[in-house]
Amino acid sequence: LVAYSLSVVSRVFSNAVNIPFWDEWELLNPGWIDSNFGSWIWAFHNEHRVVPTHLVFLINKWVFGLDFRAQILMNLAAFLGFVFFCWREAGRFLGKAWDSWTSVSLGWALSPTLSSLFVENHLMAGQNCILFALISYFWGCKLLLGSENPGFLRLMGGAFLWCVSIFSFGSGPPAVMAGWLVFSGRSLGLYRRDKSWMYFRRWATVTAVVVWSLLLWASGYRSIAWHPHPTPFWDPSYWLFLGHLVALGFGYGTGTSAPAVLGVFLLLVAGGLSMWIPAAETENRWARFLKLPWLGLGILAGLTAMLAAVAYGRAGFGLGWAGSGRYAETSSFLPWILWTAILLALQSVGPAGHLRLRRMIQGTGLLLWFFLGIGIPRHFSLRNYSVSGQHRQNQKACAVGLLQPGPDSATAECPDIYPGPIRGRVRRAAELGYSFMK
C-alpha cells in the first residue's frame with residue numbers, strides 16, 4: 001500500500017499540467033483574482049463558498065504566478081497527510097487493541113482513498129475545496145468529541161474548524177449540522193450525569209459559532225439558473241443516486257447492479273449499529289449513552305450528511321454524475337470509519353463475550369471486506385494518470401494556440417478543458433503574466 005502511494009505520487013508528479021481545467025478558468029473572469037479579490041474570496045461558486053480554496057489560489061498567484069501544477073502537488077501532499085492522520089487516529093481510538101494486524105487492516109480499509117477513480121481530484125488544483133471540508137470537519141470532531149472535558153482553546157479550536165468546513169464546500173454545512181447534533185447529544189448526556197452547567201455553557205459556545213457561521217454562509221445565497229431543482233429524499237432517484245455515491249467509495253462504478261448498491265447500504269446500517277455495541281454491557285442508561293464512541297459517530301454522521309447533500313443537489317443531473325470522483329472521494333473514507341467501528345465492537349465484546357453477538361460483528365466485517373475485495377482491485381490502474389496527463393497536455397497546446405490572432409468565438413474553442421469560449425481568458429492570462437501562459 002505504501003509502494004502504491006509512492007507510485008501515485010510519482011504519476012501525479014509526472015502528469016500534473018500547469019493549465020486551468022473546467023471551473024478554474026473562471027478565475028480569469030474580469031475583476032476576480034487579479035483585482036477585486038476581497039469580495040471574490042467570499043463569493044459563491046455555484047452553491048459553494050470555497051474561501052480556503054480562494055485563499056490558496058490568491059497565495060499561489062502572489063508566490064508562483066498562478067502555477068496550477070504546484071498547487072496540484074501541494075494538494076496531493078495534504079491529501080496523503082490526511083489519509084495518514086485518519087490511519088493514526090484510528091489507532092488512538094482503538095488504544096490497547098492497536099497491533100500490527102490491526103494497523104495493516106486499517107491501512108487497507110483506507111485503500112479506496114487511493115483509487116484511480118479519483119484521478120480527476122488529484123489532477124485538478126481547485127479540487128482541494130473538498131479536502132479542506134473533510135480535514136477541517138474531521139479535525140473539529142477530534143477536538144470537540146475526542147474528550148469529555150475539552151479546555152477553552154480546544155473548544156474554540158474545534159468550533160473554528162467546523163466554521164472552516166462550512167466555508168470550504170457546499171457539503172460542509174450539512175456535515176457540521178450533523179456533527180452539531182452528535183455534540184448536542186453528548187453534551188446533554190454529560191449534563192444529565194454530572195448536573196453541571198459547565199456542559200451547557202460549552203454547548204452554547206459551540207452552538208453560537210456554528211449558527212453564526214451558517215447564517216453568514218447563507219447570506220446572499222442564490223439558486224443557479226442552469227441547475228435542475230434539488231431532488232427531495234422521497235424521490236426514488238435520490239436514493240439511487242446516493243446508493244451509487246456510496247458504492248463508488250467501495251470501488252464500484254455507476255454501472256453497479258442494484259444488489260451491490262443495496263448490499264452497501266446494508267453494510268452501512270450494520271456498521272453504524274455496531275458503534276452502539278461498546279455501550280451494550282452498561283446497565284445505567286445514561287452511562288451506556290455516554291459510553292458510545294462519540295468521535296466515530298460524529299465522523300460517520302458528517303460523512304453521511306455530506307453524501308446526502310451531494311445527492312440532494314446533483315441527482316437531478318442524472319445518475320452519471322454519481323460517478324464523478326470529485327464527489328465520491330468523500331465516500332472513500334466510509335470503509336475506514338466502518339472498519340474502525342467493527343474493531344471497536346469486537347474489542348468491547350471481547351474473546352469471551354456473547355458468541356452470537358461476536359459472530360454477527362465478524363460477519364459484518366467479512367461483508368465489508370467482500371465488497372472491498374470485489375470493487376477496489378478494478379480501480380487501481382495507474383495508467384489513468386498517464387491518459388489524463390496527456391489529455392491535459394494536448395489541451396494546453398490548444399489553449400496556447402488561442403493566443404494567435406483570430407476573432408473571439410461564441411463557441412467553445414477547447415471544449416475538453418472548458419465548455420465555453422476561453423480565448424479572451426487565455427489572452428488575459430498572457431497579459432497578466434500568469435505562469436501557465438509563459
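Modeller: Let's start with a term: a residue counts as buried when its relative accessible area is under 20%, and as exposed when that area is over 50%, with partly exposed in between. This is a predicted model. Glutamate 89 makes a good first case: its relative accessible area is 12%, so glutamate 89 is buried.

Colleague: How much of the protein is buried?

Modeller: Of the 438 residues in the protein, 53% are buried.

Colleague: And how many helices and strands should I look for?

Modeller: The secondary structure comes to 19 helices and two strands. To see how the chain folds back on itself, look at contacts with a separation of 6 or more: 75% of them join residues 24 or more positions apart.

Colleague: Can you show me two residues that are apart in sequence, and how far they are in space?

Modeller: Take alanine 70 and phenylalanine 13, which are separated by 57 residues in sequence and by 9.4 Å in space, measuring from C-alpha to C-alpha. Alanine 70 belongs to helix α4, residues 68–94. With a relative accessible area of 19%, alanine 70 falls under the 20% cut-off, so it is buried.

Colleague: Let's go back to glutamate 89. Which side chain does it meet in a salt bridge?

Modeller: Its partner is lysine 142, at 3.2 Å from N to O. Glutamate 89 sits in helix α4 and lysine 142 in helix α7 (residues 128–145), so this pair ties together parts that are 53 residues apart in sequence. Lysine 142 has a relative accessible area of 23%, which makes it partly exposed.

Colleague: How many salt bridges does a search of the whole structure find?

Modeller: The search finds two. Besides the pair we have just seen, the side chains of arginine 314 and glutamate 47 meet at 2.8 Å, N to O. Arginine 314 is in helix α14 (residues 294–314), while glutamate 47 is in the loop between β1 (44–45) and β2 (48–49), so this salt bridge ties together parts that are 267 residues apart in sequence. Arginine 314 is buried at 5% relative accessible area, and glutamate 47 is buried at 15%.

Colleague: What about disulfides: how many does the search find?

Modeller: Zero. As for individual cysteines, cysteine 86 is buried with a relative accessible area of 0%, and cysteine 129 is buried at 7%.

Colleague: How should I read the nonpolar core?

Modeller: The general idea is that in soluble globular proteins, nonpolar side chains tend to be buried together. Here the largest nonpolar core has 111 residues, and the members that touch the most others are Trp25, Phe138, Trp162, Phe333, Trp336 and Phe436.

Colleague: Which residues does phenylalanine 333 touch, not counting those up to four places away in sequence?

Modeller: Its contacts are Phe79, Phe82, Val83, Cys86, Leu110, Thr113, Leu134 and Leu303. You have already met Cys86, the cysteine with 0% relative accessible area.

Colleague: How do I read a helix by its buried residues? Which ones are buried in α19?

Modeller: In α19 (residues 423–432), the buried ones include Arg423, Arg425, Val426 and Ala429. These residues cover an arc of only 165° around the axis, which puts them on the same side of α19. The buried residues of α19 pack against α18 (383–401).

Colleague: Which residue follows α19, and what is the sign of its phi?

Modeller: Glycine 433 comes next, with a positive phi near 75°. As a rule, most residues other than glycine have a negative phi. Two residues here are worth a look on that score. Tryptophan 22 is not a glycine, and its phi is positive, near 55°. Leucine 66 is not a glycine either, and its phi is positive, about 60°.

Colleague: Where do tryptophan 22 and leucine 66 lie?

Modeller: Tryptophan 22 is in the loop between α1 and α2 (37–42), and leucine 66 is in the loop between α3 (51–64) and α4. Tryptophan 22 is partly exposed at 29% relative accessible area, whereas leucine 66 is buried at 0%.

Colleague: One last residue: is asparagine 15 buried or exposed?

Modeller: Asparagine 15 is buried, with a relative accessible area of 12%. Asparagine 15 lies in helix α1 (residues 2–15), and a polar atom of its side chain is 2.8 Å from the backbone oxygen of arginine 11. Leaving aside neighbours within four places in sequence, asparagine 15 touches Leu123, Tyr385, Ser386 and Gly389.

Methods
Residues numbered from 1 in each chain as written. Predicted model: local features only at pLDDT ≥ 70, side-chain atom pairs only at ≥ 80, totals over all residues. Heavy atoms only, no water. Helix = DSSP H or I, 4+ residues; strand = E, 2+ residues; numbered from the N terminus. Buried < 20%, exposed > 50% of the residue type's maximum accessible area, 1.4 Å probe, protein only. Arc of directions from axis to C-beta. Contact = heavy atoms within 4.5 Å. Core = buried A, V, L, I, M, F, W, Y, C linked by side-chain atoms within 4.5 Å. Polar contact = N/O pair within 3.5 Å; in protein donor to acceptor, adjacent residues only side chain to side chain. Disulfide = S-S within 2.5 Å. Salt bridge = Lys/Arg side-chain N within 4 Å of Asp/Glu carboxyl O.
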